[in-house]
Amino acid sequence: MSAKTERTWKITYPDDCVKYIEAFRRDCWDHQGVCQLLHEFFSQQGNVDTVCELGSGAGTNLMHLCDYGYECFGYDSNQESIAISKSRAESNGKNIHFELLDFSKRLPNRQFDAVVSLFVPISLEDMEELTKRSLQIVKPGGYFASMLLAVLPEFENVPEQKVNSTEFLEVDGIQTIRFNYYRKHGHQIEYNGIYFAGEPQGPRMFQDRDRYDLITKDQMLKIPETNYRHVYRTRIEGKPDQCPPMTYEILDIFQKT
Ligand SMILES: C[S@@+](CC[C@H](N)C(=O)[O-])C[C@H]1O[C@@H](n2cnc3c(N)ncnc32)[C@H](O)[C@@H]1O
């Protein structure tokens, strides 16, 4: 991730690293649980057939949503993520449309019953902007779902805090270690992940960086209520270390009016 300004930033990844980063995500995040929450909500509404994910990564969420019977469309700005998604969907016999697209520049050329943005660490300001712009690709009466990170109450007034951890994972037969460095300052966390992968041609090291804006318990995205109505909020329980330390995840759903 490279910083643009204090309030907005762009995510980029080193070449040929996404397979490792994605494998750690799948190990750590409860994609299935989040998709089940979405499915429970959508099936109660009864009018959702098409689902679009903006920032679809390796397509893990859409593979679960496809299993629930939705027609799925995934968009990501990273070429390697799209290639991995296509090959995973094909080898699992799932018919999902994946396309390279930077959602900060343009949006898909059609409308969907639901648009979701899950586990995408863009700034709060950018998520507000994306939510507003998503109106054009959500059908009337359709939904936009986003995830935000909230600060745990006991850390709300802690201005500075550092937490480190180490994880180990075998990725496609390659032993990989990841050192995680989290620094909370105010209502933001900076993350540095240092990866060591024991590749056959020699050990490889690379770094992944993210920045997370944190909200407080009752804070909402600032969206004009004329076009979107806030209809659902839940805390995501997920796996024990799913979200960055000092935080928890919130799933919000808006309905286009
Ligand atoms: C942390 S990953 C999450 C991927 C996926 N949603 C999941 O839950 O596994 C964030 C993804 O958002 C993508 N992304 C970030 N900014 C984007 C943009 N402007 N346009 C399209 N994709 C973007 C990144 O390339 C990355 O694959």
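The buried residues of helix α5 are covered by elements that include β3 (50–54), β6 (112–117), β7 (138–151), β11 (202–215) and β13 (247–256). Helices (H or I, at least four residues) and strands (E, at least two) are taken here as DSSP runs, numbered from the N terminus. Helix α5 itself spans residues 124–134, and its buried residues are Leu124, Met127, Leu130, Thr131 and Ser134. They sit on the same side of α5, because they cover an arc of only 120 degrees around the axis, the arc being that of the directions from the helix axis to the C-beta atoms. An α-helix has 3.6 residues a turn, so residues three or four places apart point the same way. A residue counts as buried if 20 or more other C-beta atoms lie within 10 Å of its own, as exposed if 12 or fewer do, and as partly exposed in between, with C-beta atoms placed from the backbone.

The model is predicted, and local features need pLDDT of at least 70, side-chain atom pairs count only at pLDDT 80 or more, while totals for chains, interfaces and linings use all residues. Residues are numbered from 1 along each chain as its sequence is written.

**Cores**

The largest nonpolar core has 49 residues, and those with the most contacts inside it are Val51, Cys52, Cys72, Phe112, Ala114, Val115 and Tyr143. Strand β7 gives the most to this core, with seven residues. Such a core is a set of buried Ala, Val, Leu, Ile, Met, Phe, Trp, Tyr and Cys residues joined through C-beta atoms within 7 Å. Apart from the largest core lies another, of seven residues, among them Ala58, Ile84, Tyr195 and Ala197. When neighbours within four places in sequence are left aside, Cys72 is in contact with Val51, Leu62, Leu65, Cys66 and Ile96; two residues are in contact if their C-beta atoms, placed from the backbone, lie within 7 Å.

**Domains**

The domain assignment of the chain gives domain 1, made of 2–150 + 216–256, and domain 2, made of 154–209, with bounds that come from an automatic or database domain assignment. The C-alpha centres of domain 1 and domain 2 lie 22 Å apart, and the contact takes 14 residues from domain 1 and 18 residues from domain 2. On the side of domain 1 that touches domain 2, helix α1 (residues 18–28) gives the most, with six residues. By class, that side of domain 1 has ten nonpolar, two polar and two charged residues, where Ala, Val, Leu, Ile, Met, Phe, Trp, Tyr, Cys and Pro count as nonpolar, Asp, Glu, Lys and Arg as charged, and the others, Gly among them, as polar.

**Around the ligand**

The ligand is surrounded by 19 residues, of which the closest are Gly55, Gly57, Ser77, Asn78 and Phe119; a residue is near a molecule if its C-beta atom, placed from the backbone, lies within 6 Å of it. The elements that give two or more residues to this shell are α3 (60–67) and β4 (71–76), and the shell divides into seven nonpolar, nine polar and three charged residues. Asn78 lies in the loop between β4 and α4 (79–91), and beyond its neighbours within four places in sequence Asn78 is in contact with Tyr13 and Val18. Asn78 and Gln207 are 129 residues apart in sequence and 16 Å apart in space, C-alpha to C-alpha.

**Single residues in loops and a strand**

The table sets out how some individual residues are surrounded.

| Residue | C-beta neighbours within 10 Å | Class |
|---|---|---|
| Asn78 | 21 | buried |
| His97 | 15 | partly exposed |
| Asp172 | 9 | exposed |
| Cys243 | 22 | buried |
| Met246 | 19 | partly exposed |

His97 belongs to strand β5 (residues 97–100), and its C-alpha atom is separated by 20 Å from that of Phe42, 55 residues apart along the chain. Asp172 is placed in the loop between β8 (160–171) and β9 (174–185), and its phi is near 50 degrees, a positive value in a residue other than glycine. Met246, in the loop between β12 (228–236) and β13, also has a positive phi, of about 80 degrees, although it is not a glycine. Cys243 lies in the loop between β12 and β13, where, not counting residues up to four places away in sequence, Cys243 touches Leu149, Gly238, Tyr248 and Glu249. The C-alpha atoms of Cys243 and Gln161, 82 residues apart along the chain, are separated by 16 Å.
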